[in-house]
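Hi,

Here is the structure I said I would pass on. Have a look at it first, and my notes follow underneath.

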Amino acid sequence: MFDWSIQRYAVYALAAAALFGVSTPFAKVLVGTTSPWLLAALLYLGSGIGLTLFRWALRRFGCGSAVAAEAELTRGDLPWLAGAIIAGGIAAPVLLMWGLSHSPAANTALLLNLESLFTTLIAVVMFAEAVSARIWWGALLMFVAAALLGLDPALTLGLSPGALAVLAACGFWALDNNLTRRISNADPVVIAAIKGLVAGGVNLALAWQFDPSVPALGAVAGALALGAVSYGASLVLFIHALRHLGAARTAAHWSTAPFLGAGASLLLLGEPLTGTFILASGLMLGATWLVLSEQHEHEHTHERLAHSHRHTHDAHHQHAHRGDEGPEPHSHHHEHEPMTHGHAHLPDLHHRHGH
């Protein structure tokens, strides 16, 4: 039984996975026209440029209220944002590209599926996120399903330097997920745009150091457009999910991306439907059901908290107003008084308590 009052935000995570996953067949077409590293840089840049233009269009065409409803990044958010960009936008892609050049592609594809498990581990160990046994089992089942999907019978795993680099890349992306969760109360469009522009610019400079060739204009435009949708819009939805679900649950839903990408390849590239894909998809659905059907309800205490984020006046937001905050939903600095009660919840902005 799904409690959609709290699980509805899983739709954001699944939509983010879908947008990213369906980029696979398009990226396969583009990867033949440019180097993988340069393609990654263009995808990140497309994300940053696309979201910057989107936010400008909202203001230009009279939708400023939608922008104002989200909280701005604060000075205290900047170290977390910088860490997320360095870990997930710079270090991870560099390690992945090096790992790809020193390890078979099949090994890399298999090891990349560990990102979700690493995200959950970091969420628990470093950030004390509450994770139930269902989430662990869901993450593990999703990894097994993804491993089946990319399994190569001739694959020989080993802790080679290339494999270790790929594992490190997964660790940095997992750290990125958890650091981004710390600032998910701020405007997701701004966060994703900054990450895209900075990471894209740095990776573009690094890519040109190794391969200064310039791809065709059509390939560049295609990569930028794909990045705007499958990286930019996807990341905005992902950050929304982080705000309401926490890092571990968002990562579990995100793990559906390889299956959605494989399904898109079946439809768009005419790739064959295999029994392995059917079995892996069944395991994926089982893992998704485990996460969606989680029930977490107990009496808990909210400590005094002051912050700013998009909100409406629900049971957790009974604060005073000056009168100039604008219509709901809106964003402004507000304080939460201590409160003890019990209800179903997930580790969102207001439920990061101990257990």
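Let's start with Arg55, which counts as partly exposed because its relative accessibility is 22%, and buried would need a value under 20%. Keep in mind throughout that this is a predicted model.

Arg55 pairs up with Asp187 in a salt bridge, with 3.4 Å between the closest N and O atoms. That contact links distant parts of the chain: Arg55 belongs to helix H4 (residues 36-60), while Asp187 sits in the loop between helix H10 (161-182) and helix H11 (188-210), 132 residues apart. Unlike its partly exposed partner, Asp187 is buried, since its relative accessibility is 6%.

How many salt bridges turn up in the whole structure? The search finds 5. Another one joins H10 and H11 themselves: Asp176 in helix H10 and Lys195 in helix H11 are 19 residues apart in the chain, and their closest N and O atoms are 2.8 Å apart. Both Asp176 and Lys195 are buried. There is also a network, in which salt bridges with shared partners tie together Glu129, Arg181, Arg249 and Glu294.

Within that network, have a look at Glu129 and Arg249, whose side chains meet at 3.7 Å, N to O. Glu129 lies in the loop between H8 and helix H9 (133-149), and Arg249 is in helix H13, 120 residues apart. Both of these residues are buried.

Arg249 also brings us to its helix. H13 (residues 247-254) is largely enclosed by the rest of the structure, because 8 of its 8 residues are buried. Among them are His253 and Trp254.

Arg249 shows up again at a cavity. The whole-structure search gives 1 cavity of 30 Å³ or more, and the largest has a volume of about 50 Å³. What lines it? Alongside Arg249, the lining includes Ala130, Leu346, Pro347 and a set of histidines: His296, His345, His351, His353 and His355. By class, that makes 3 nonpolar, 5 polar and 1 charged residues.

Finally, the surface. Leu121, Val124, Val125, Met126 and Trp136 make a nonpolar patch of about 460 Å². Which helix gives the largest share of that patch? Helix H8 (residues 115-125) does, with 3 residues. Leu121 is located in H8 and counts as partly exposed because its relative accessibility is 43%.

Cheers

Notes:
Residues are numbered from 1 along each chain as its sequence is written. This is a predicted model: local features need pLDDT of at least 70, side-chain atom pairs count only at pLDDT 80 or more; totals for chains, interfaces and linings use all residues. Side-chain values use heavy atoms; hydrogens and water are left out. Patches are made of residues with over 30% relative accessible area and no salt bridge: like charges are joined within 9 Å, nonpolar side chains (Val, Leu, Ile, Met, Phe, Trp, Tyr) within 5 Å. Accessible areas come from the Shrake-Rupley method with a 1.4 Å probe; for residues, only the protein chains shown count as cover. A salt bridge is a side-chain nitrogen of Lys or Arg within 4 Å of a carboxyl oxygen of Asp or Glu. Helices (H or I, at least four residues) and strands (E, at least two) are DSSP runs, numbered from the N terminus. Buried means under 20% relative accessible area, exposed over 50%, partly exposed in between (1.4 Å probe, protein chains only). On a 1 Å grid over the protein atoms alone, a cavity is a set of points where a 1.4 Å probe fits but cannot get out, and a pocket is an open set with protein on both sides within 12 Å along at least five of seven lines; lining residues have an atom within 4 Å of a point. Grid points are joined across faces, edges and corners, and a volume is the space filled by probe spheres set on the points. Ala, Val, Leu, Ile, Met, Phe, Trp, Tyr, Cys and Pro count as nonpolar, Asp, Glu, Lys and Arg as charged, and the others, Gly among them, as polar.
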